[in-house]
Amino acid sequence: MRAQIIGVGHALPERRLTNQELEQMVDTSDQWIVERSGIRERRIADPPTKCSDLAYQAAAMALQRAGIAARQLDLIIVATATPDMSFPSTACIVQDRLGASNAAAFDLEAGCTGFIYGLDVAHKYLLSEDYNYILIIGAEVLSRILNYEDRNTCVLFGDGAGAAVLGKGHDGYGLLSSVIGADGSGARFLTLPAGGTAMPASLETVQNGLHFVQMNGNEVFRFASRILPEISSKVLQKAGYTYSDIDIFVPHQANIRIIKTAMKRMNIPAEKTLINLDKYGNISAACIPVALSQAEEEGRLKAGDLALLVAFGAGLTYGGVLLRWGRD
Ligand code: ACO
């Protein structure tokens, strides 16, 4: 048995927030943001839009493209750092809205690596006879946890969702290898300090801006630059491939400099690399599935392509998946 992605979908808010607009909000410049991160604009969800709304839209598209009904799903995993609320899980909200009444549902928190963690978990569930179809969604409304007075973070992130339906295949297509991991000693480098049991919400936490993302960008940058080539080489080795076999490289979209460092170390050319951070910024767990969905739509991702997906994120987490794109 091999887990295959049989349908992908995405949802992006209409509203674009450009670097020029951010220049009016914080002490920054289009030039700084483009040079230091590669980002030109990002999408921002209007106030009534919740994580589950974007997740639902992306999921509906993925199900339609997969050609299966929501009632056929056995499991729904929503990878997110920005759920509708602490509980119930956003996965349960989406399950109800889709009418996926036969599916178990849970949220998965692995920061920006969430979608890769989801693929690894789904693959293992699909080895069981009890599971035939699994929906994984990476969905984020990061604009709700950003401080638009903090130039260190507010320029980097955006909102959106991507989804993939996985089924069982028996041919050459599908997941060939996966590796996930974490280095919890770096947990302090990327946090949302308040609102949990460590620091319950209070007037003071709100006044001190502790419900917003706090990040040590340099430490995350260092970690990411080291881990992307490391994880890529592990995933490839596990399946018996080398860098030169890759047809499409789909890295997490945090910073163009991190991606270029990885491309250089791995000798992967630009035409084989999917980049969407210029248009959407870092949408955390949604980056990779959005890139896959749009690349398939545009014909950039074709049946038979060897695709390497790699990510890192809050935790600090990391993971990679190697798959042969296509379905039986
Ligand atoms: N505009 C202008 N100046 C800025 C801005 C801005 N938006 N942001 C920071 N600066 C300033 C800093 O204050 C600093 O000024 P100083 O020298 O006077 O103190 C100067 O620019 C340089 O700051 P650095 O942090 O050294 O800038 P760097 O080139 O490292 O870029 C960045 C910062 C873009 C944050 C980079 O470190 C990065 O991308 N790190 C990785 C972040 C990341 O991947 N986060 C997501 C993780 S995944 C997840 O789970 C969400």
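In what order do the 5 strands of the open sheet run? Keep that in mind as we go through this predicted model.

**First stop: the sheet.** Select the strands and read across them: the order is E1-E7-E6-E4-E5, and the pairing is mixed. At the edges you will find strand E1 (2-11) and strand E5 (104-108), each of which pairs on one side only. On average, neighbouring strands here are turned by 20° against each other, with direction ignored. As a general reminder, strands of a sheet pair through backbone hydrogen bonds, either parallel or antiparallel.

**Second stop: E4 and E6.** Now select residues 75-79 for strand E4 and residues 134-141 for strand E6. These two strands run parallel, and 5 bridges join them. For a single spot to centre on, pick alanine 79, which stands opposite glycine 138 in E6.

**Third stop: helices on the sheet.** Add helix H3 (residues 51-66), which packs on the sheet and touches E1, E6 and strand E7 (159-169). The direction of H3 makes about 125° with that of E1. Next, bring in helix H11 (residues 287-297): this helix lies across E1 and E7 and runs at about 90° to E1.

**Last stop: asparagine 218.** Select helix H8 (residues 217-239) and look for asparagine 218 within it. Is this residue buried or exposed? Asparagine 218 has a relative accessible area of 61%, so it counts as exposed, the cut-off for that being over 50%. Finally, draw a C-alpha to C-alpha distance from asparagine 218 to phenylalanine 189: the two are 9.0 Å apart in space and 29 residues apart in sequence.

Terms used
Residues are numbered from 1 along each chain as its sequence is written. This is a predicted model: local features need pLDDT of at least 70, side-chain atom pairs count only at pLDDT 80 or more; totals for chains, interfaces and linings use all residues. Side-chain values use heavy atoms; hydrogens and water are left out. Helices (H or I, at least four residues) and strands (E, at least two) are DSSP runs, numbered from the N terminus. Buried means under 20% relative accessible area, exposed over 50%, partly exposed in between (1.4 Å probe, protein chains only). Two strands pair if DSSP finds at least two bridges between them. Axes are lines fitted to C-alpha atoms, for helices over the stretch in contact, and angles run from 0 to 180 degrees between N-to-C directions. Contact means heavy atoms within 4.5 Å.
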